[in-house]
Amino acid sequence: MGISTQDTVPPPSKPSAAEQKRAARGATRPGDRIFLGLTRGSGILLLVIMAAIAVFLTYRAALAISKDEGNFLTTFDWNTSADPPVFGIAVLAFGTVVSSVIAMVIAVPIAVAIALFLTHYAPRRLSGPIAYVIDLLAAVPSIVYGLWGALILVPHLIGLYSWLDEYLGWTGIFEWQGGAPRSMLTVGILLAIMILPIVTNVSREVFRQAPQMIEEAALALGATRWEVIRMAVLPFGRSGVISASMLGLGRALGETMAVATVLSPDFLIHTSLLDPGGGTFAQNIASKFSEATEFGRDALIASGLVLFVITLLVNGAARAIIARRKEYSGANA
C-alpha cells in the first residue's frame, strides 16, 4: 500500500509570535518607512492627477454640450461659432476607429512576423542591429512621420490606389475618384508604420520568455522550427501579443500631428477608404484649437473627453489581458 505525498510532507508551519514581531520591527526601519511613503505617495499622486484630468474634462465638456443644439454623438457637423452652436463627434469617432483598425490590420501581422524572425530565425549578428533599428523607429517624433508621409508616402500611393480601384473598386470600399491620396487608408498606413516598433518590441520580449525546455523537447522529438513556433511559442505568447496590440492601438487612437499632416479633413463619412476626407479626434483638436473661441475650446475638450474614455478602455483591456496570464513576464521566467 503506497504512502501519499500528503502523508509524508508536513504542512508549512506558521511564523511564531517572536518572528512576526521581528518582521514588524524590520518593516518600521527608517529606510523602509521612507521607501514605503515614497511609493505610496507616487501611486496616490498618479490617481489624483488622473482624477483631476477627468474632472477638468468632464466640467468643460458639460459646459459645451449643454449649449449644443445638435446631438453630440450623431451630428455630422462642427460649427461652434454658429448661433446656436451645432457640433457632434460622429465623423470624428468613425475616422478614429477606422484609421486605427486599418493600422492594426497592417501592423500586427508584420510586427509578429518580425518578432518571430528576430527571436527564432535570425542569427545573433543580424538580430541585434535589426532590433536596434526598430528601437530607433519608436523614438522618431510624430511630426517627422507626418512630414515624411506628406512628402514621400502620399505621392507614392497613387499607384496603389489605382490598383485597388481597378481590381477592388467594385466593392465600393476601394473606389477611387482621383485626386491626392489623403484619405483614411493613407492615415492607416502611416499609423501602422508608427505603431510597428511598439508591437514588435513587446512581442519580441514575450516570445523570448517562451519555455526553452518545451522548445528543445519538441525539436528533440522531430518537430520543425515552424511546428515549435506554432505549437509552443505562439500559444504561450498569445496574451502578450494581444496586449502589445492594445498598446499600439492606444498610440494610434491618440496620434495627432502625423494625421493632421497627411489628411484632408471634412465632416462627411465616406463609404470608400480612398476618398479624401474624414477626421479623427486628435487631428480635429490640433487643427482647430488655436483658432477656436472659448466655447469652441470647450467643445474640443468635450471631444477630447470621449478620446480620453476610449483610451482608458483600451488600456484597461490590455491590463485585464495581462492579468489573465502573467507567466510571460520576465519576473516570472
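**Two pockets and a nonpolar patch**

By class, three nonpolar, six polar and two charged residues make up the lining of the second largest pocket. Let's start there, keeping in mind that this is a predicted model. The pocket in question, the second largest, has a volume of about 170 Å³. Its lining brings together W78, N79, T80 and S81 with S287, K288, E291, A292, T293, G296 and L300. The elements that give two or more residues to this lining are the strand β1 (78-79) and the helices α12 (281-288) and α13 (294-324).

Now turn to the largest pocket, whose volume is about 200 Å³. You will find T119, H120, F207, R208, Q212, E215, E216, L219, R225 and V228 around it. Two or more of these lining residues come from each of α4 (90-120), α8 (184-208), α9 (212-220) and α10 (225-254). Of the elements, α9 gives the most, with four residues. Sorted by class, the lining of the largest pocket holds four charged, three polar and three nonpolar residues.

From the pockets, let's move to the surface. Here I143, V144, L147, W148, L151, I152 and M257 form a nonpolar patch of about 630 Å². Helix α6 (residues 142-156) supplies the largest share of this patch, six residues. One residue of helix α6 is W148, and is this tryptophan buried or exposed? Neither word fits: W148 counts as partly exposed because its relative accessible area is 36%, which lies between the 20% limit for buried and the 50% limit for exposed. That value also clears the cut-off of over 30% for patch residues, and W148 is indeed part of the nonpolar patch.

How values were computed. Residues numbered from 1 in each chain as written. Predicted model: local features only at pLDDT ≥ 70, side-chain atom pairs only at ≥ 80, totals over all residues. Heavy atoms only, no water. Patch = residues over 30% accessible without salt bridge, like charges linked within 9 Å, V, L, I, M, F, W, Y side chains within 5 Å. Areas by Shrake-Rupley, 256 points an atom, 1.4 Å probe, with all protein chains shown as cover. Salt bridge = Lys/Arg side-chain N within 4 Å of Asp/Glu carboxyl O. Buried < 20%, exposed > 50% of the residue type's maximum accessible area, 1.4 Å probe, protein only. 1 Å grid on protein atoms, 1.4 Å probe; cavity = no way out; pocket = protein on both sides within 12 Å on 5 of 7 lines; lining within 4 Å. Points joined across faces, edges and corners; volume = space filled by probe spheres on them. Nonpolar A, V, L, I, M, F, W, Y, C, P; charged D, E, K, R; others polar.
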